[in-house]
Number of protein chains: 2
Amino acid sequence: MSGGTYGCNKSMEIIIDIDDAMPLFAQLVGQIKKAVISKKMGPGDNLPSIRQLANDLELNNKTVAKAYRLLERDCVIQTKGYRGTFIHPDAEANSTVDLNAWVITKLDETINSFKESGVTDSEIRIAFGNLMNKRNS
Amino acid sequence: MSGGTYGCNKSMEIIIDIDDAMPLFAQLVGQIKKAVISKKMGPGDNLPSIRQLANDLELNNKTVAKAYRLLERDCVIQTKGYRGTFIHPDAEANSTVDLNAWVITKLDETINSFKESGVTDSEIRIAFGNLMNKRNS
DNA sequence: ATATGTACCACCTGACATAAGGGTACAAGT
DNA sequence: ACTTGTACCCTTATGTCAGGTGGTACATAT
């Protein structure tokens with residue numbers, strides 16, 4: 001099997017391409033943001049449950065849950081526990097804001113400042129690795 | 001075989017532990033800086049050639065060359081081409097100045113600002129990976 | 001009983017970069 | 001001739017991480 005589609009009240013259509021280089025969860029995030037931007041979905045609209053969507057799209061629960069988690073972090077959707085998941089009031093604005101862009105920009109500045117000081121790529125990578133791993137413990 | 005030692009005029013002793021998690025070249029860098037700080041070696045002292053040290057320590061030329069390259073960048077040693085390699089006049093000061101410290105501090109600040117914004121570890125890693133790899137080409 | 005989101009646990013897979021080694025070669029000097 | 005640092009080539013192995021999947025369990029509500 002490869003990919004799957006989900007049609008909800010003829011208002012939302014999600015297409016997942018398993019052969020796409022983009023990770024499945026990222027495709028889901030993009031599709032939902034796109035649906036919001038193109039006004040196919042609006043604030044307050046009900047999204048399918050994680051298990052439901054995973055089943056229709058032939059995906060794993062975790063994959064869908066990951067997408068929902070990211071979407072909620074970006075305030076594109078709101079999860080209300082047992083009551084289900086809904087489109088966030090400010091979804092449209094928050095769908096266009098790309099958190100990644102700001103991360104890349106700021107990180108790029110930092111890395112460049114290192115390189116200008118003659119720091120080796122290896123050293124930057126090592127420092128990065130240490131920080132990312134230690135903070136977890 | 002595991003690791004090796006190098007004794008030079010009973011003034012310098014380098015111990016490499018191949019089982020250590022720290023990369024071999026990094027161990028070498030640390031050992032030489034330590035030798036400078038503890039005044040076992042001083043400005044003008046002659047260091048063994050890359051090939052010589054690699055042979056004694058049972059390391060590859062490249063590994064030693066990498067360590068020397070980093071040490072010269074930090075102005076702990078001076079390579080004078082065919083004439084060999086020597087301890088830098090300001091070696092002691094430059095051995096204590098930890099370029100890594102400033103890198104870690106600044107990088108830590110940047111990463112923390114990301115996490116406070118809810119950015120995922122994965123996303124930070126991916127952004128980091130993209131930046132480090134694209135700049136190389 | 002059923003459904004919701006969520007939080008754990010573990011596993012497998014592929015991709016990728018680092019680290020390290022082997023080899024060859026060069027210009028510059030002794 | 002010999003040695004110096006250095007710069008390429010290619011190969012290997014190791015480790016790490018992302019992505020995905022599987023299962024179980026929980027509190028909260030209907």
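In the predicted model described here, helix α3(B) lies across β3, β4 and β5 of chain B and runs at about 110° to β4(B), where axes are lines fitted to C-alpha atoms, for helices over the stretch in contact (heavy atoms within 4.5 Å), and angles run from 0 to 180 degrees between N-to-C directions. Helices (H or I, at least four residues) and strands (E, at least two) are DSSP runs numbered from the N terminus. The 3 strands form an open antiparallel sheet in the order β3-β5-β4, with β3 (46-47) and β4 (77-79) of chain B as the edge strands, each pairing on one side only; pairing requires at least two DSSP bridges between two strands. Strand β3(B) is joined by 2 bridges to the antiparallel strand β5 (residues 85-87) of chain B, and B:Leu47 stands opposite B:Thr85.

Residues are numbered from 1 along each chain as its sequence is written, while chains are lettered from A and ligands numbered from 1 in the order in which they are written. Local features need pLDDT of at least 70 and side-chain atom pairs count only at pLDDT 80 or more, whereas totals for chains, interfaces and linings use all residues, and side-chain values use heavy atoms, with hydrogens and water left out.

DNA strand D is surrounded by 23 residues, the closest being A:Leu24, A:Asn60, A:Lys62, A:Tyr82 and B:Thr85, a residue being near a strand if one of its heavy atoms lies within 4 Å of it. Of the atoms of DNA strand D within 4 Å of the protein, 68% belong to sugar or phosphate and the rest to bases. Polar contacts (pairs of N or O atoms within 3.5 Å) reach both parts of this strand: a polar side-chain atom of A:Arg51 lies 3.4 Å from a base nitrogen, whereas phosphate oxygens lie 3.2 Å from a polar side-chain atom of B:Ser49 and 3.1 Å from a backbone N or O atom of B:Ile50.

Around DNA strand C there are 23 residues, of which A:Arg125, B:Leu24, B:Asn60, B:Lys62 and B:Tyr82 come nearest, and 72% of the atoms of this strand within 4 Å of the protein belong to sugar or phosphate. Polar side-chain atoms of A:Arg51 and A:Lys62 lie 3.0 Å and 3.2 Å, respectively, from a base nitrogen of DNA strand C, and a side-chain N or O atom of A:Ser122 is 3.4 Å from a phosphate oxygen.

Technical notes. Polar contact = N/O pair within 3.5 Å; in protein donor to acceptor, adjacent residues only side chain to side chain.
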